[in-house]
Amino acid sequence: MRPLSEAVSQVQMPDLEKVYNDLENFARAVQGVTGLEILEEWRRKLLGRKSGSLARAMRHLGDMDAELRKTLGQALNRAKPAVEETIALKKAQLEAYKASRPAVDVTMPGRQPALGRVHPITRAAREMIEIFGRLGFEVVEGPEVEDEWHNFVALNIPPEHPARDPLDNYYLDDRLLLRTQTSTVQIRVMENRPPPVRIIAPGRVYRPETVDAGHSNMFHQLEGLWVEQGVTFADLKGVLSMFARAFFGADVRTRFLPSYFPFTEPSAEFYVSCLLCRGKGCPACKGSGWMEVAGCGMVDPNVFEAVGYDAEEVTGFAFGFGIERPAMLKYGINDIRLLFENDLRFLRQF
Ligand code: DAH
């Protein structure tokens with residue numbers, strides 16, 4: 001910057017006040033210039049051929065006497081390259097900075113993370129868990145690879161029972177199989193703690209089924225068990241009816257039909273009024289107006305005996321919901337396969 005200020009000071013004469021002021025302002029401002037456009041403005045203002053300050057001052061010289069013209073002319077001639085050099089330096093500096101500046105603009109708004117969604121099965125399961133949680137049920141999990149004791153024997157399912165047919169089960173060897181029901185968890189819980197118990201057990205189960213719109217060879221159940229002194233069938237009806245209203249809506253109707261399960265006595269099937277036709281009868285409920293959503297009953301004394309509970313002292317009820325069916329009813333899904341194909345176009349709707 002030395003040559004510039006030197007050149008400027010030489011221009012400091014009464015007749016050249018304008019150009020002197022311009023040059024001085026430039027000398028003061030040039031360090032702080034941050035944009036090439038502003039630098040170009042300065043260049044035009046000072047060095048512009050027609051209306052630049054220097055060119056104008058030069059034209060002025062013609063009116064002066066020879067002596068003065070010479071001195072001032074020399075001063076202006078020195079100022080010009082000094083300004084040019086200063087501008088060139090600054091320009092190089094700005095361009096170098098621009099080139100070295102990081103490619104990332106930290107002032108840009110951030111990128112939206114791609115948020116996932118809860119799978120409809122998980123969503124339904126969580127909602128069921130939440131409702132039973134309010135009724136005091138604790139969540140317990142059990143293994144998907146089970147032995148015959150927990151899947152059958154302790155549940156009062158004898159060896160000759162058709163459910164134990166090797167063709168109806170995924171046996172892994174002659175002792176282990178993929179569990180066909182979450183009722184196994186009832187046994188595991190009661191084996192490991194004394195009454196009272198009030199648990200639910202959500203999880204996957206497996207059956208060799210031909211897969212179609214209504215069947216899958218892997219699906220989910222939510223098991224429930226409440227054992228305590230004085231638990232009755234009325235409690236079972238109360239709990240399941242309350243659950244149905246909370247899960248399906250306050251206007252849903254419910255019914256219990258007598259049924260048979262080896263591990264409960266008496267046993268029942270639990271139905272809710274068809275959510276699609278509201279009970280009038282439609283293809284989904286096969287015209288009946290009802291849909292079965294759970295099996296249930298009072299725990300069979302043989303089961304209590306298998307786990308070492310005293311059937312004279314405690315009673316209990318158990319139930320097993322499928323999770324797919326209620327989820328499909330609630331979210332309007334008409335093909336169970338959609339739940340397992342992982343097609344994002346389907347999953348993104350939830
Ligand atoms: N485990 C039965 C099934 O998979 C469902 C079931 C029925 C569970 C009655 C229960 C019950 O706990 O009491 O079909």
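Helices and strands here are DSSP runs, numbered from the N terminus; a helix has at least four residues and a strand at least two. With that in hand, one residue to keep in mind is asparagine 334, in the loop between helix H11 (324–331) and helix H12 (344–347). We will come back to asparagine 334 at the end. One caution before we go on. This is a predicted model.

Let's start with the whole chain. The protein chain has 12 helices and 9 strands. Look at the outline next. The C-alpha trace spans about 130 × 45 × 40 Å along its principal axes. A compact globule of 350 residues would have a radius of gyration near 20 Å. This chain has 44 Å. Of the 350 residues, 43% count as buried. The chain exposes about 19700 Å². Carbon and sulfur atoms supply 52% of that exposed area. Now contacts along the sequence. Take the contacts with a separation of 6 or more: residues 24 or more positions apart account for 65% of them.

Next, the ligand. Which residues come nearest to the ligand? Of the 15 residues around the ligand, the answer is Gln181, Ser183, Arg207, Gln221 and Glu223. By class, the shell has 5 nonpolar, 8 polar and 2 charged residues. Three strands each supply at least two residues of that shell: E5 (218–228), E8 (290–299) and E9 (315–322).

Here are some distances. Glutamate 223 has a polar side-chain atom 2.6 Å from an oxygen atom of the ligand. Glutamine 221 has a side-chain N or O atom 2.9 Å from a ligand oxygen. For alanine 318, the partner is in the backbone: a polar backbone atom there lies 3.2 Å from an oxygen atom of the ligand. How much of the ligand does the protein cover? On its own, the ligand has 350 Å² of accessible area, and the protein covers 89% of it.

Stay with strand E5 for a moment. Histidine 220 lies in this strand. Is histidine 220 buried or exposed? Its relative accessibility is 12%, so histidine 220 counts as buried. The cut-off for buried is under 20%. The side chain of histidine 220 makes a polar contact with the side chain of glutamate 324, at 2.7 Å. Leaving aside neighbours within four places in sequence, histidine 220 is also in contact with other residues, among them Ile121, Arg204, Phe321 and Phe340.

Glutamate 324 takes us to helix H11. This helix is mostly covered, with 6 of its 8 residues buried. The buried ones are Glu324, Pro326, Ala327, Met328, Leu329 and Tyr331. What covers them? The cover includes helix H6 (120–134), E5, helix H9 (233–248), E8 and E9. Just after H11 comes glycine 332, with a positive phi of about 70 degrees.

Now some backbone details. Two cis peptide bonds are worth finding on screen. One joins proline 195 and proline 196, with omega about 5 degrees. Proline 196 is in the loop between helix H8 (184–192) and strand E4 (197–206). Another cis bond runs from glutamate 265 to proline 266, with omega near -5 degrees. Proline 266 is found in strand E7, residues 264–273.

Then positive phi angles. Asparagine 156 is not a glycine, yet it has a positive phi of about 70 degrees. Asparagine 156 lies in the loop between helix H7 (148–151) and strand E3 (176–178). Asparagine 156 is partly exposed, with a relative accessible area of 23%. Asparagine 342 is not a glycine either, and has a positive phi of about 55 degrees. Asparagine 342 lies in the loop between H11 and H12.

That loop brings us back to asparagine 334. Why does asparagine 334 count as exposed? Because its relative accessibility is 66%, and the cut-off for exposed is over 50%. What does asparagine 334 touch, not counting residues up to four places away in sequence? Ala213 and Met328. Met328 is one of the buried residues of H11. Alanine 213 is 121 residues from asparagine 334 in sequence. In space, the two are 7.3 Å apart, C-alpha to C-alpha.

Terms used: Residues are numbered from 1 along each chain as its sequence is written. This is a predicted model: local features need pLDDT of at least 70, side-chain atom pairs count only at pLDDT 80 or more; totals for chains, interfaces and linings use all residues. Side-chain values use heavy atoms; hydrogens and water are left out. A residue is near a molecule or strand if one of its heavy atoms lies within 4 Å of it. A polar contact is a pair of N or O atoms within 3.5 Å; within protein, one must be able to donate a hydrogen and the other to accept it, and residues adjacent in sequence count only if both atoms are side-chain atoms. Accessible areas come from the Shrake-Rupley method with a 1.4 Å probe; for residues, only the protein chains shown count as cover. Ala, Val, Leu, Ile, Met, Phe, Trp, Tyr, Cys and Pro count as nonpolar, Asp, Glu, Lys and Arg as charged, and the others, Gly among them, as polar. Buried means under 20% relative accessible area, exposed over 50%, partly exposed in between (1.4 Å probe, protein chains only). Contact means heavy atoms within 4.5 Å. The radius of gyration is taken over C-alpha atoms; the globule rule is 2.2 Å times the number of residues to the power 0.38.
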